[in-house]
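I opened this notebook to keep a record of what I looked up, entry by entry. The entries follow the order in which I went through the model.

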Amino acid sequence: MNLKQSPALLLQIQACRLGRVLFVLALLIFGLVTLLNSTTAEDTEHHHEKHHHDLKFSIQSVKSGDWSDPKTWSLNRIPKAHDRVMITRGTFVRYDVKSSEKIRLLQVVGTLSFARDRNTELHVGILKVLNSDQCSESGFSCTFVSEEESDTDGNSNKTQLPSLLIGTPSQPIPAKYSAKIKLHYFEGMNKKDAPAIACCSARMEIHGSPLSRTWVKLGKNIEKGSRQVVLSEKVSGWKIGDTVLVTASERRGQGFGTFREGAERQKQSQTEKRTIKAIQDGLQITLDSPLDYNHLGEGEFKSEIANLSQNVIIESADPKGVRGHTVYHRFSKGSISYARFAHLGKEGVLGRYSIHFHLVGDTMRGSRVEGAAIVDSHNRWITIHGTQYLVVRDCVGYKSVGHGYFLEDGTEIYNLLDRNLAIHAFTGPRLPNQVLPFDPNDGAGFWWANGLNSFTRNVSTENDEYGYRYDMQKRRNFDTKLPILQPDGSEKLIDVRTIPIWRFEDNEAHSEGFYGMVVAANGNSQPDSAVRSERMLKRIKSIDWTGPDTDHPHVIRNLSIWGSHYAFRPHSPAMRMENIRIHQAAYGIYRPAFENHEYKNLHISAVQAEPFNRGMDDASAQTGKITVDGLTFSTGYGNSSTPLVQISDLNLSGDASTHLRNVKVNRPERYKTRWPLINRGVGPRVPPITKGVPIYIHDHYGPGRHAKVVSTAAKDLMEDGHSYREEKPLTSDHSRVAEVKDVEWPKLLKMVDDIPPATIVTQIQRKSNKLWVRGISHDNGEITKVLVNGQNAKTVSYQSGVLDWELEIETPKDGKITAYGLDKSGNREMTGHVVRSVVRTLGVRPSSKPKAKTLSF
């Protein structure tokens, strides 16, 4: 057909071509939108300030002086409401006022130091400490100056490092004064960013008056209606008028509800908030009103009392409105101690937390958060993201939307969380574009995804879902191979699931909403129901159980869990668990992944349903061998078939077995026929479609005379030539026992220590011509010494694998301090903590400049 003779057809063709163009354009727009949406909120702004070029400062410092002195300022007046203020480079301004004027922006390029001889108060929208004169109202993004761009003192552009000083480690705000910052939202600011305090390649010190302890155990039982509290140890720094918490001693149902669910579900909580009316000798406290519940303070299981009051306070001015957040970025310096962070955190917004160390790597080695109270957070308490060598100690977290103490993306290593208290981490929403897609953010007191960190002497209570959860899962949308810092300072792609839990010791969980502790490997990838077919069996055999190897297992020591529904879920292969105490739970050892598990001294008491669960719970499947050396049950009423130890029905590898020895069962006389020791599990009983799994009790009948207990459904075992019989209360309706010999006790784990300690210099003070150096080292083994510039450091305390040390040394001529640890296995730190230009910082002229490329202290 001639197109010239068919205009209608020509129009159709042109319309078709236009449609194709529009379709391609739509695809391009969709791709662009998808790319933008797939970029995290943190990466969208990734540290470049591009959107505030038209902003100008209203007023700036022109000389060093007091904030209250008009001569300090460019307009010969002090800053007023809605000003955008800059503390200029090279000026030192002392903040010496208690003002309700709301400053819109305060940008510190010089030094802002809060007065220590009076009460101070600052109301501000955004407070930024950074090395930039450009006016910016972004509450997150930064202009960075790396060490390569700094001089030998770590000071950018040969000037003093921009600094916000609310006290210092050696000169905190004195107890009789207070320093308070209230964060306000101003119209026109980004609600996802502001209000905020952000430190970008600068120094931010926040230090209140120290307390001897921020929380302690109770020293005596407290009866309902009492106002008297006896402490387990003497405290100093606690004052009349302080707000305290007395933690729960009894679990009150599953979960306590999110903040959004309000007071009704939170009424289940037995943690009680009161005010101190009197203190006697630092050991006895009188509260302002009677307690509503009983609280344990005697015997094996005790609750805590925690102090939420500090004299340095960072808080949102309008907790029901737009909340603020705080963040340290890389190449920053500084620490936090004995400060209160209240009503912060932006619910549902990635990266906007109450206290946030964001992708600082090891550039803030030496920094710490100590003695902080983080109260009523809408997004975490403390987030450690892409950060190494941070110390978090003696902190109290109370009320958080989502997990509380949180290590964010699985690359974090060598961090120490020591003697912290976690109360009321509530279920929160998944965060948009969160790094780990498998994390439901369902309320853990402590949550982490890389084992190479230390958790010691912590306590969690009344959190919505977990006291502690370690989790790393491979998904179609997430690869577990991540760049991990190596002992020699290099980075290497490692499957993080293979990194063992390094140090987890002397921790406790009680009165939890659901779980005491979970160690997860690929999480919930196993079937949730009984395996009844070859198809289901094939599925469960295909589960990727990648975990640490038997030379480097997960190690859990001295863990106490009481008053939880599910006490302990060891859902990973290759685990060594020593001195595990479980009391008052529905389930003791729950849903375990039984492969190369070694238990040493496991004591379970008052567990109502299933004290020692079969492999993978209702799947009733066991992949390998486990041993339990020292197993004690203390129990009361139970029926005649529910066992203390359940038999797994499926032998996935063909050589799975359970080995017990030194077993004790303490039953009341009237219940001695109840709670059989070993039987098939309750609930679904899996048909025998594989070999059975035997349970051996070594030396049960005497030295070398072992009991072999099997399921009556395991025909291969029932017909193995031994004479099986019923023997109550050892066996029950679905189990039988035979005496056997020549069964060796398996040695499943080798426990190789080939990782050196981690050492952190936390404080350096000048004393005449000498330096007093303090620090912390932690390790998975025994630390034998710490060397500081070649000299042996003195041990201050050594508990739970954490060594506090100190040393007085001559002032080094090259201005450099090097500290590293050695352990009993001969491992020495290859990348010890090097603090450079220390003498210049302290005002002493060094004879030479440091040559090592190291962290500036």
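**Entry 1: Arg774.** I began with Arg774, which I found in strand β53. The model is a predicted one, and I read every entry below with that in mind. I noted Arg774 as partly exposed, because its relative accessible area is 24% and the buried class ends under 20%. Setting aside the neighbours within four places in sequence, I listed Val761, Thr762, Gln763, Gln765, Trp805 and Glu806 as the residues in contact with Arg774. I also looked up the separation of Arg774 from Val788, which is 14 residues along the chain and 9.8 Å between C-alpha atoms.

**Entry 2: Val773.** I then turned to Val773, which also has its place in strand β53. Is Val773 buried or exposed? I recorded Val773 as buried, since its relative accessible area is 0%. Its contacts, again leaving out neighbours within four places in sequence, are Val761, Gln763, Ile764, Val788, Trp805, Glu806, Leu807, Ile809 and Ile817. For one of these, Ile817, I looked up the distance as well: Val773 and Ile817 lie 44 residues apart along the chain, with 9.0 Å between their C-alpha atoms.

**Entry 3: the second largest pocket.** Arg774 came up again when I looked at the second largest pocket, where Arg368, Glu370, Arg393, Arg774 and Asp804 lie nearest the centre among 26 lining residues. The elements that contribute two or more residues to this lining are β23 (368-370), β52 (758-767), β53 (770-778), β56 (794-799) and β57 (802-810). I noted about 560 Å³ as the space in this pocket. How many of the residues in its lining are nonpolar, polar and charged? By class I wrote down 10 nonpolar, seven polar and nine charged residues.

**Entry 4: Ser723 and the loop that holds it.** Next I checked Ser723, which is found in the loop between α5 and β51. Its relative accessible area of 62% is over the 50% limit, so I entered Ser723 as exposed. Beyond its neighbours within four places in sequence, Ser723 is in contact with Val737 and Ala738. The C-alpha atoms of Ser723 and Val740 are 9.5 Å apart in space, and the two residues are 17 apart in sequence. In the loop between α5 (715-718) and β51 (735-740) I also located Pro729, and the peptide bond that leads to Pro729 from Lys728 is cis, with omega near 0°.

**Entry 5: another cis peptide bond.** I recorded a cis bond between Ala194 and Pro195 as well, with an omega of about -5°. Pro195 sits in the loop between β9 (179-183) and β10 (196-200).

**Entry 6: positive phi values.** I looked up Leu359, a residue other than glycine whose phi is positive, near 50°. Leu359 belongs to strand β22 (residues 355-361), and I classed it as partly exposed because its relative accessibility is 27%. Ser620 likewise has a positive phi near 50° without being a glycine, and its place is the loop between β42 (597-612) and β43 (621-622). I entered Ser620 as buried, since its relative accessibility is 0%.

**Entry 7: the nonpolar cores.** Which residues touch the most other members of the largest nonpolar core? I noted Trp67, Leu106, Phe568 and Phe612, out of the 133 residues in that core. Strand β41 (residues 575-589) supplies the largest share of this core, with eight residues. Apart from this core there is another one, of 16 residues, with Val229, Val235, Val244 and Ile305 among them. I then went back to Phe568, for which the contacts outside four places in sequence are Met517, Val519, Ile556, Leu559, Ile561, Met575, Met577, Ile580, Ile582, Gly588, Ile589 and Tyr590.

**Entry 8: the chain as a whole.** I closed with totals for the chain, whose secondary structure comes to six helices and 59 strands. Of its 857 residues, 61% are buried. When I took the contacts between residues at least 6 apart in sequence, 69% of them turned out to join residues at least 24 apart. The chain exposes about 33100 Å², of which carbon and sulfur atoms supply 48%.

Note on methods: Residues numbered from 1 in each chain as written. Predicted model: local features only at pLDDT ≥ 70, side-chain atom pairs only at ≥ 80, totals over all residues. Heavy atoms only, no water. Core = buried A, V, L, I, M, F, W, Y, C linked by side-chain atoms within 4.5 Å. Buried < 20%, exposed > 50% of the residue type's maximum accessible area, 1.4 Å probe, protein only. Helix = DSSP H or I, 4+ residues; strand = E, 2+ residues; numbered from the N terminus. Contact = heavy atoms within 4.5 Å. Areas by Shrake-Rupley, 256 points an atom, 1.4 Å probe, with all protein chains shown as cover. 1 Å grid on protein atoms, 1.4 Å probe; cavity = no way out; pocket = protein on both sides within 12 Å on 5 of 7 lines; lining within 4 Å. Points joined across faces, edges and corners; volume = space filled by probe spheres on them. Nonpolar A, V, L, I, M, F, W, Y, C, P; charged D, E, K, R; others polar.
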